Amino acid sequence: MTDLAIQVENLSKRYRIGQNNPSRLFRDALINTVTAPFRALRPTSNGEPSDEFIWALQDVSFEVKHGEVIGIIGRNGAGKSTLLKILTRITKPTKGRAILYGRVGSLLEVGTGFNPELTGRQNVYLNGAILGMRKEEIDRKFDEIVAFSDIEKFIDTPVKHYSSGMAVRLAFAVAAHLEPEILLVDEVLAVGDAAFQKKCLGKMSEVAKEGRTVLFVSHNMNAVTRLCERVILLDSGRLVNDGLSQQVVKSYLMSDLGTTAARSWPNPASAPGNEVVRLYKARVRTESGQTSETVDIRQPVGIEVEFEVLKPGVVLAPNFHFYNQEGICVFIAGDQDPAWRNTPRPTGRYVSTAWIPGNFLAEGTLIVNVAISTMNPVIVHVHERDAVAFQVVDSLVGDSVRGEFAGNIPGLVRPRLKWETHYLENHQNPTLPSP
Amino acid sequence: MVIEPPKGWVLIDLHELWQYRELLFVLTWRNITTRYVMTVLGPLWGVIQPLITMVVYSIFFGGLLRLPSDNLPYPVFTFCALLPWQLFSRSLSIVTNSLVVNQAMMKKVYFPRLVNPIASVLTELVDFAIAFVILLGLMLYYGIYPKWTILAVPLFTLLSVATAFAIGLWLAPIQASYRDIGLALTYGIQFLQYATPVVYSAGTIIPERWRALYSLNPLVGAIEGFRWALLGAAPPLLTPILVSTFLVLLFLVGGLFFFRRMEENIVDVI
């Protein structure tokens, strides 16, 4: 019993759909309260607007021993973040329970409660207190924290004058010195430049080597297999696999749960879609027609979908939603093919491809959600989250936007633009002939 | 540590709150520091607001309308009431908004949610303390010297804060899902000010037979208490102030239960 760090038993969390709707008015609640006694009198057979619920987490059970480093993987919306939120006590479970043996620290987001008006020093104390550190503990580690963050010179400057990189470094330095017995890490943390990500991962493996327990939620399969010996796979709120990281990651990538460059749904009954249209294939392709997980930043890349229209006479537009690793929507591409815009489609198979030009995307992972919709009125027939994913790589040979620059380039896209330069005249030495 | 589904109606975990006392003080300190950062006058703003209100009231209610002021100089008469009144009204609105304002933090880290309203009230008490010094100066200017009764001031301050806190505990979780509360509150506070002897003296304005009912408003007790303790005015009626204090305590305990019950899933709703 004592060698356990985390014990999770039948943990479940139910959310009401639309609960976060900000337009909920007090009036509705009043009406609900007033009509509640009468509702029982009405027959409940039809038309009853019942609340809809989703289970973000359902009957999840597992145990973690002290000193284990466990990865949690799964697609977006699989329940990973909900699990972390419950383990950090931010929200309560609906059913089941979790027992944590030891002090819990979480890196769900660095810089929580950072106030731009306060100085770096003040923010260290504020942030430390929010994360649960005592004042004498912060006093003791203060120099270490500042040294780790590398901003000694600016520690008494208000944080609003920091670059975003500096603020994140300072925030991470505070969080990294929390020294919990159980550390919960969300990948969101890994926002930032490559050097910073490396620092995060380095700190995590350090924590693990010290024999502390780490729970690491990530999309990055390389990082997961490198850091964790054991991996838990969640899907639709359920625990579907729990075992050695290599095996779980491999089976995840092989199954249709993993997001890869090509996916297919051969079974018409379970393929994404409805009675109007079904999605059968989606893939990332190069100009030469090959499926490819990695794409040179200079080359065009095509997103190709194959779908079958089952009901004739409906106007359909495939549309792709591109998200980067941080979950930011980079852009949305809707079908622009003039032949099928506003044109009802006959039944049959279609292949649609959207071409993203070379020298447009930024480096990194892009995750594509595939949807097929009718625009007027809006009906979404197919919406497959994380349908395919690909990696944009920059070659460093010099003819991409990067040029000879080897450092980190921020930005959601990295288009190659047309530049013009006009040499007007030489003010320094007007006697020289201008070219 | 065991994490379990909400258990229903339980009292606030005072032991846990005590463990988070440092966060409480750090948040209070943050509120105070950030409120007046980037201002030239700084904490003086805590004083300027009641001072200006006092001047306006003195001109209109004291000077032009000649409202009764128990034979006390009108400025000091109304300023003495403005302190507990503004402590109440500002505490109430800041407590009501305390969950909404700190939602970003609550969604990322766990800490007892009650820390939010408590830190808000502590922040207001600091402003109150500064304004109180001004009140003492004003009294000396008019030649009013405090007697031993000044020792009762903390009690009436507590009554004013407790009233705001008790109501705020009910409103804050509701405000988290229905922002209507905050909008309605502005008017509620305005109306309540008329039912509170801030600009007039209750003893001469309110008909005798309504006096007891009127005095059930805990702020009537708090303000009359202030005037009695500091300016030597007639003391508040004993029975109504005891009854209203009891009602405030009931509200407070109920509010603690309600807040505790609502905080469980506040993050999912906010």
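This is a short tour of one predicted model, with a suggestion at each stop for what to select in your viewer.

**The whole chain**

Start with chain A shown as a cartoon. You should find 8 helices and 18 strands in chain A. Next, colour chain A by burial: of its 435 residues, 34% are buried. Chain A also brings together parts that are far apart in sequence. Taking contacts between residues at least 6 apart in sequence, 70% join residues at least 24 apart.

**A sheet of 6 strands**

Now turn to the open sheet in chain A whose strands follow the order E5-E6-E7-E3-E8-E9. The pairing in this sheet is mixed. As a reminder, strands of a sheet pair through backbone hydrogen bonds, and they do so either parallel or antiparallel.

Which strands stand at the edges? Select residues 104–107 for strand E5 and 238–244 for strand E9 of chain A: these are the two edge strands. Each has a single partner strand, so one side of each is left without a neighbour in the sheet. Look along the sheet as well, and you can follow how neighbouring strands are turned against each other by 15 degrees on average, direction ignored.

**Zooming in on one edge**

Keep E5 of chain A selected and add strand E6, residues 182–186 of chain A. The two strands run parallel and are joined by 4 bridges. For one particular pairing, pick A:Gly105, whose bridge partner in E6 of chain A is A:Leu183.

**A helix across the sheet**

Add residues 80–87, which form helix H2 of chain A. Helix H2 lies across strands E3 (69–73), E6, E7 (213–217) and E8 (230–235) of chain A. Its direction makes an angle of about 145 degrees with E6 of chain A.

**Three backbone details**

For the next stop, go to the loop between strands E17 (364–374) and E18 (379–393) of chain A, where A:Pro377 sits. Show the backbone atoms here: the peptide bond joining A:Asn376 and A:Pro377 is cis, with omega about 0 degrees.

Then select A:Asn359, in the loop between strand E16 (348–356) and E17 of chain A. Though not a glycine, A:Asn359 has a positive phi, near 55 degrees. Is A:Asn359 buried or partly exposed? It has 17 C-beta neighbours inside 10 Å, so A:Asn359 counts as partly exposed.

Finish at A:Asp386, which is in strand E18 of chain A. A:Asp386 also has a positive phi without being a glycine, here about 50 degrees. A:Asp386 counts as buried because 20 C-beta neighbours lie inside 10 Å.

Methods: Residues numbered from 1 in each chain as written. Chains lettered and ligands numbered in written order. Predicted model: local features only at pLDDT ≥ 70, side-chain atom pairs only at ≥ 80, totals over all residues. Buried ≥ 20, exposed ≤ 12 C-beta atoms within 10 Å, placed from the backbone. Contact = placed C-beta atoms within 7 Å. Pairing = 2+ DSSP bridges. Axes fitted to C-alpha atoms, helices over the stretch in contact; angles between N-to-C directions.
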